Protein chains: 2
Amino acid sequence: MNRFEEKTVSSDLLFEGKIISLRVDEVELPDGKRAKRELIDHPGAVAIIPVTDDGKIILVEQYRKALNRSIIEIPAGKIEPGEEIEVTALRELEEETGYGANQFEYVQSFATSPGFANEIIHIFVAQGLYKIDKPAAGDEDEFIELMECTIEEAEEMVLDQRIYDAKTAFAILYAKKILKD
Amino acid sequence: MNRFEEKTVSSDLLFEGKIISLRVDEVELPDGKRAKRELIDHPGAVAIIPVTDDGKIILVEQYRKALNRSIIEIPAGKIEPGEEIEVTALRELEEETGYGANQFEYVQSFATSPGFANEIIHIFVAQGLYKIDKPAAGDEDEFIELMECTIEEAEEMVLDQRIYDAKTAFAILYAKKILKD
């Protein structure tokens, strides 16, 4: 898929952080003209839709500094260097919820902000959940609270914007679909 | 929603671009410890799910430099300064597809990458579509191709990753739901 390709003329790395880096590329457009692209590099992430045996989904509430508020999301986390996405998914489910899963299925992957970032989120659905006795701890700068809710409760939280992110909006529609089938 | 609030201790603006800017905030965590947050500011965007009278959705293919490939998405675009989101939605639908819509309905809003960016996408569904005689042109550095497809065709494009972004993944499930109801 390289239709309307924008060839890189030059690339300027302006910031290299612990999680993201920023560069400005000059590109040649299909008509030969040039343009600048402001781009964020991100290692990618995994998100899990955990569905309990009685048809609830498990969500986590956490503060998101980028939004200056807390929101309620499906469990998710960054891929560590060299880590297989299936391992990230199991690890994040355990760290954020304390659950393991007997059924773990890959759903799909998508870019979150293709206009400026290369972050890809890989979505899994986890069923056959069981509590892990002594689950691994998550990041020490991460404060989260766990909740279980029905699809209807989740839809209410979309309406009042307590749920307010793309992967979770997708997850609710997806969970609804598999629970109906 | 300020549970687990992270208070800003200091904020360092490191890049101010045409579309995004980057800052690193030092924050105080709920336990009194400190951490750094790498944050992107973005003006926000609107995306439209255009559903034709015969139940197809209209998609646009464009090159995304951040991903180094072209992908197929629902029409979308940035909010201009001071612009109402309903105006952005109508403008982007016209510029990117050449269509107007008799029914325009707000669906929901969500952050695309709450871990590092404040970009919010506002989703609308457009029905009762009609072709505009001389539609307004879009950005001059934007090259797009239009297509109409059924939900089944869109789902195939998800599987082979021609469709590869969060808002479009959401849009397909949403369109499927309203077309079934």
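A biologist questions a modeller about the chains, helices and contacts of this structure.

Biologist: What kind of model is this, and how are residues and chains labelled?

Modeller: This is a predicted model, in which local features need pLDDT of at least 70, side-chain atom pairs count only at pLDDT 80 or more, and totals for chains, interfaces and linings use all residues. Residues are numbered from 1 along each chain as its sequence is written, while chains are lettered from A and ligands numbered from 1 in the order in which they are written.

Biologist: How many helices and strands are there in chain A?

Modeller: Chain A has 3 helices and 10 strands. Helices (H or I, at least four residues) and strands (E, at least two) are DSSP runs, numbered from the N terminus. Along the sequence the pattern is β-β-β-β-β-β-β-α-β-β-β-α-α. The C-alpha atoms of chain A fill a box of roughly 60 × 35 × 30 Å along the principal axes.

Biologist: What are the domains of chain A?

Modeller: Domain 1 spans 7-41 and domain 2 spans 45-180. The bounds come from an automatic or database domain assignment. Over C-alpha atoms, the centres of the two domains are 31 Å apart.

Biologist: Why are the two copies described as related by a two-fold rotation axis?

Modeller: Two copies of a chain are related by a rotation about an axis and a shift along it. Here a turn of 180 degrees and a shift of 0.0 Å along the axis lay chain B on chain A with an RMSD of 0.0 Å. The copies are thus related as by a two-fold rotation axis. The superposition is by least squares on the C-alpha atoms of residues with pLDDT of at least 70 in both.

Biologist: How do you know that the copies meet through the same surface?

Modeller: Of the interface residues of chain B, 100% are also interface residues in chain A, so the surface is the same. Contact means that C-beta atoms, placed from the backbone, lie within 7 Å. By that test, chain B gives 56 residues and chain A gives 57 residues. On chain B, α3(B) gives the most, with 7 residues. The side of chain B that touches chain A divides into 31 nonpolar, 8 polar and 17 charged. Ala, Val, Leu, Ile, Met, Phe, Trp, Tyr, Cys and Pro count as nonpolar, Asp, Glu, Lys and Arg as charged, and the others, Gly among them, as polar.

Biologist: Why is α2(A) called roughly antiparallel to α3(A)?

Modeller: Helix α2 (residues 151-159) of chain A and α3(A) pack at about 155 degrees, with axes 10 Å apart. Axes are lines fitted to C-alpha atoms, for helices over the stretch in contact, and angles run from 0 to 180 degrees between N-to-C directions. Angles under 35 degrees count as roughly parallel, over 145 as roughly antiparallel, 65 to 115 as roughly perpendicular and the rest as oblique. The angle of about 155 degrees therefore makes the pair roughly antiparallel. A:Ile151, A:Ala154, A:Glu155 and A:Val158 of α2(A) contact A:Ala169, A:Ile172, A:Ala175, A:Lys176 and A:Leu179 of α3(A). By class, this contact has 7 nonpolar, no polar and 2 charged residues.

Biologist: How do α3(A) and α3(B) cross?

Modeller: Their axes come within 9 Å and cross at roughly 35 degrees. The crossing is left-handed: the near helix is turned anticlockwise from the far one by less than a right angle, where clockwise would be right-handed. The residues that meet include A:Phe170 and A:Leu173 in α3(A), and B:Phe170 and B:Leu173 in α3(B). The contact has 10 nonpolar, no polar and 4 charged residues.

Notes: Two residues are in contact if their C-beta atoms, placed from the backbone, lie within 7 Å.
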